[in-house]
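This report describes selected salt bridges and one helix pair in a protein chain. Please examine the sequence and the structure before reading further.

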Amino acid sequence: MSALTDNFRGRFVMLQIANFFQGFILWYTIEKLFMRRIGFDDAGIGLMVAAYSAIMLLVETPSGILADRWSRKGVLMVASVALSLSGLVGGLSHDVPMYLLAAGLWGVFFALYSGAYDSILYDLLLETKGHSKSYERYYGYVKVVDSLALVLGSLIGGLVAAKFGLRQPYFWTVPLALVPIGALMLFREPQLHKAHAVVPLVQHVRRTFGSVLKRGHVLLILTVLVCISALSYGLFEFSQLWWIALALPVSLFGPFNGALLATIGLGGLAASRFQLHRPRRLQALAVLMLVAAVLLGLWRAPIPVLVCQVLVTTGTIAVSVVFNRWLHDALPSQVRAGASSAVNTLTRVVLIPVSLLFGVLSRHGTAFEASWVLVVLVLAAAAAILRMTMSRTHMAAVTAADETNVESYQK
């Protein structure tokens, strides 16, 4: 048991087991088909995304602050319960209001989930290795496992739906979503964020938002992460609307969805293998994403559409890995999870109007016409990336306060 609780490798394995089962969701591959069957149209789907985004807007930052002050793995355990309940309510849904409740519970899950794994991993590296130099490598592995779980869940969920009906993937996910609780109970959480003196809650909230709303390079990092995250969430949520517009056979939804979800792992690997922190490589990736996003609104064939979706989502994940490292480098440990959640909260502020506009445009046309909304997000992210890389802004590897605490852990 000591190998599972004391060294980096053992602790990382436990974290990855939890990560896998929180991504092994069987209903993702057929969700939009199921929603259409119980009464949703494209505008209704956009409203659903906006609704759970609003819930996440309320929950995300408080949950991140709770994770910093209480326990990050404890928050992830609560997230598993919310995910299990979401699957149960989703499977029981027969109309739009009931499914909106399921979506709301999923929003609670994702709000608790977001910002936790990257914060835990960053502090785990500092606590065990004394530096964050290998963050991209190991966070890339986190993304690979996340992607593997989503792809397997997509493929198996499609098979379950084809054989047993569209409701069963929801019910089958209910017990699977509780597996991470056991893995997290075995995981020894890094305590670097608790090495600082506990400050009053109001001061903690002020410090959290102050950390991500600094001027200069941190604000540029924030701009890129918000635009990239909104683009990524939007593509994952609405990707099936392109396939529906192309009258793609139901049998192909599983493989297409699996290919799209595989981009999470591909993006993680790209960030760790191709040294995307280098300015010219980041600039080239931003241009590639922009071209693919534009072509997504022009091509009207299944394979080209999938290729464009894959290129854009792979790019968003790769960029997010690099910029998450830079964000954590600029933050002290005691606000790390809260600040990550604050970034996601700001993402929701952007995603809500984007989702509503996308849904309305798609309803009156198709996803192809609505895709230009996403092009705007790529342009904004590319502009911030260009400005940051042209100025060659660099950040310290670890904040001074964290360096002091790392040294005390290593003694």
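Lysine 32 has a relative accessibility of 2% and therefore counts as buried; buried means under 20% relative accessible area, exposed over 50%, and partly exposed in between, with a 1.4 Å probe and protein chains only. The model is predicted: local features need pLDDT of at least 70 and side-chain atom pairs pLDDT 80 or more, while totals for chains, interfaces and linings use all residues. Residues are numbered from 1 along each chain as its sequence is written, and side-chain values use heavy atoms, with hydrogens and water left out.

**Salt bridges**

Side chains of opposite charge can pair when their charged atoms come close. A salt bridge is a side-chain nitrogen of Lys or Arg within 4 Å of a carboxyl oxygen of Asp or Glu. The structure holds seven salt bridges, including those in the table.

| Pair | N to O distance | Relative accessibility |
|---|---|---|
| Glutamate 31 and lysine 32 | 3.1 Å | 11% and 2% |
| Arginine 325 and glutamate 136 | 2.7 Å | 13% and 10% |
| Arginine 300 and glutamate 369 | 3.4 Å | 44% and 38% |

Glutamate 31, like its partner, counts as buried. Arginine 325 also counts as buried, as does glutamate 136. This pair links distant parts of the chain, for arginine 325 lies in helix H15 (residues 302–329) and glutamate 136 in helix H8 (residues 135–164), 189 residues apart. Helices are DSSP runs of H or I with at least four residues, numbered from the N terminus.

By contrast, arginine 300 counts as partly exposed, and so does glutamate 369. Arginine 300 is in the loop between helix H14 (279–296) and H15, whereas glutamate 369 is in helix H17 (residues 367–370), 69 residues apart in the chain. Salt bridges with shared partners also join Glu31, Lys32 and Glu237 into one network.

**A pair of packed helices**

How are helices H5 and H6 arranged relative to each other? They pack at an angle of about 165°, with axes 8 Å apart, the axes being lines fitted to C-alpha atoms over the stretch in contact and the angles running from 0 to 180 degrees between N-to-C directions. H5 and H6 are therefore roughly antiparallel, a term for angles over 145 degrees. H5 covers residues 72–92 and H6 residues 96–113.

Residues in contact have heavy atoms within 4.5 Å. Among them are Val75, Leu76 and Ser86 in H5, and Met98, Trp106 and Tyr113 in H6. By class, this contact has 19 nonpolar, two polar and no charged residues; Ala, Val, Leu, Ile, Met, Phe, Trp, Tyr, Cys and Pro count as nonpolar, Asp, Glu, Lys and Arg as charged, and the others, Gly among them, as polar.

How values were computed:
Helices (H or I, at least four residues) and strands (E, at least two) are DSSP runs, numbered from the N terminus. Angles under 35 degrees count as roughly parallel, over 145 as roughly antiparallel, 65 to 115 as roughly perpendicular and the rest as oblique.
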